[in-house]
Amino acid sequence: QLQASGGGLVQAGGSLRLSCAASGRTFSSYARGWFRQAPGKEREFVAAISWSGSTTYSSDSVKGRFTISRDKAKNKVYLQMDSVKPEDTAIYYCAADRYLQAVVDGPIYWGQGTQVTVSS
């Protein structure tokens, strides 16, 4: 099970850190990622990280502003969101799959979402 947390209301230009904790199944050897879905839009890929943490991908829309990282000892993945914009407002979902590319293309395991709202 994947549990996302850390969402909330933040002003444009501010920062927020999302966390995704894993329980039950051992996801420590899985690639992990974040997606988001804004109202009226399709769910989109945000960022992904390999099981080792050595490789990361991020979408062009967040590159240079958001950073994905993981703490293998705690079996957690984080999304550090800096310089947020109103268009970052969405429900953010964490996800996992065996392989990094699979996380990007369409992961098997999903957590519930956490709402992020950026005010202008």
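Here, a residue counts as buried when its relative accessible area is under 20%. The legends below all describe a predicted model.

**Close-up 1. One disulfide, C20 to C94.** At 1% relative accessibility, C20 falls under the 20% limit, so it counts as buried. Its partner C94 also has a relative accessible area of 1%, so C94 is buried too. The two are joined as a disulfide, with 2.3 Å from S to S. A disulfide is a covalent bond between the sulfur atoms of two cysteines. This pair links distant parts of the chain: C20 sits in strand β3 (residues 16-22), C94 sits in strand β9 (residues 90-97), and the two positions lie 74 residues apart in the count along the chain. The torsion about the S-S bond is about 65°, so this disulfide is right-handed. How many disulfides does a search of the whole structure find? Just the one.

**Close-up 2. The open sheet around β3.** Stay with the strand that carries C20 and look at its neighbours. Four strands make up an open sheet, and their order is β1-β3-β8-β7, with antiparallel pairing. Which strands are the edges? They are β1 (2-5) and β7 (66-71), each of which pairs on one side only. From one strand to the next, the twist averages 15°. As for β3 itself, five of its seven residues are buried, which makes this strand mostly covered.

**Close-up 3. Strand to strand across the sheet.** Now go through the sheet one pair at a time.
- β1 and β3 run antiparallel and are joined by four bridges. To find your place, look for Q3, which stands opposite A21 in β3.
- β3 pairs with β8 over six bridges, again in the antiparallel sense. Here S19 stands opposite Y78 in β8.
- β7 is joined to strand β8 (residues 76-81) by six bridges, and these two run antiparallel. On this side, D71 has K76 in β8 as its bridge partner.

**Close-up 4. R36 and its surroundings.** Is R36 buried or exposed? With a relative accessible area of 6%, R36 is under the 20% limit and therefore buried. You'll find R36 in strand β4 (residues 31-37). Its side chain makes a polar contact of 3.4 Å with the side chain of S61. Another polar contact, of 2.9 Å, joins the side chains of R36 and D88. Leaving out residues up to four places away in sequence, R36 touches quite a list of others, including E42, R43, V46, V62, F66, E87, I91 and Y92.

**Close-up 5. A network of salt bridges.** R36 shows up again here, this time with E44: their side chains meet in a salt bridge, 2.6 Å from N to O. R36 is buried at 6%, whereas E44, at 34% relative accessibility, counts as partly exposed. The side chains of R65 and D88 also meet in a salt bridge, at 2.8 Å from N to O. R65 lies in the loop between β6 (56-58) and β7, and D88 lies in the loop between β8 and β9, so the pair ties together parts that are 23 residues apart in sequence. Both R65 and D88 are buried. Which residues end up in one network? Salt bridges that share partners join R36, E44, R65 and D88.

**Close-up 6. The salt bridge of K63 and D60.** This view turns to another pair of charged side chains. K63 and D60 meet through their side chains in a salt bridge, with 3.4 Å from N to O. Are these two residues buried or exposed? K63 is exposed, and D60 is as well. A search of the whole structure finds four salt bridges, one of which is this pair.

**Close-up 7. A38 in its loop.** Where is A38? Its place is in the loop between β4 and β5 (44-49). At 19% relative accessibility, A38 counts as buried, because the limit is under 20%. A38 touches T89 and A90, not counting residues up to four places away in sequence. To trace a link along the chain, go from A38 to T117: these two are 79 residues apart along the chain, and their C-alpha atoms are separated by 9.9 Å.

Methods
Residues are numbered from 1 along each chain as its sequence is written. This is a predicted model: local features need pLDDT of at least 70, side-chain atom pairs count only at pLDDT 80 or more; totals for chains, interfaces and linings use all residues. Side-chain values use heavy atoms; hydrogens and water are left out. Two strands pair if DSSP finds at least two bridges between them. Axes are lines fitted to C-alpha atoms, for helices over the stretch in contact, and angles run from 0 to 180 degrees between N-to-C directions. Buried means under 20% relative accessible area, exposed over 50%, partly exposed in between (1.4 Å probe, protein chains only). A polar contact is a pair of N or O atoms within 3.5 Å; within protein, one must be able to donate a hydrogen and the other to accept it, and residues adjacent in sequence count only if both atoms are side-chain atoms. Contact means heavy atoms within 4.5 Å. A disulfide is a pair of cysteine sulfur atoms within 2.5 Å.
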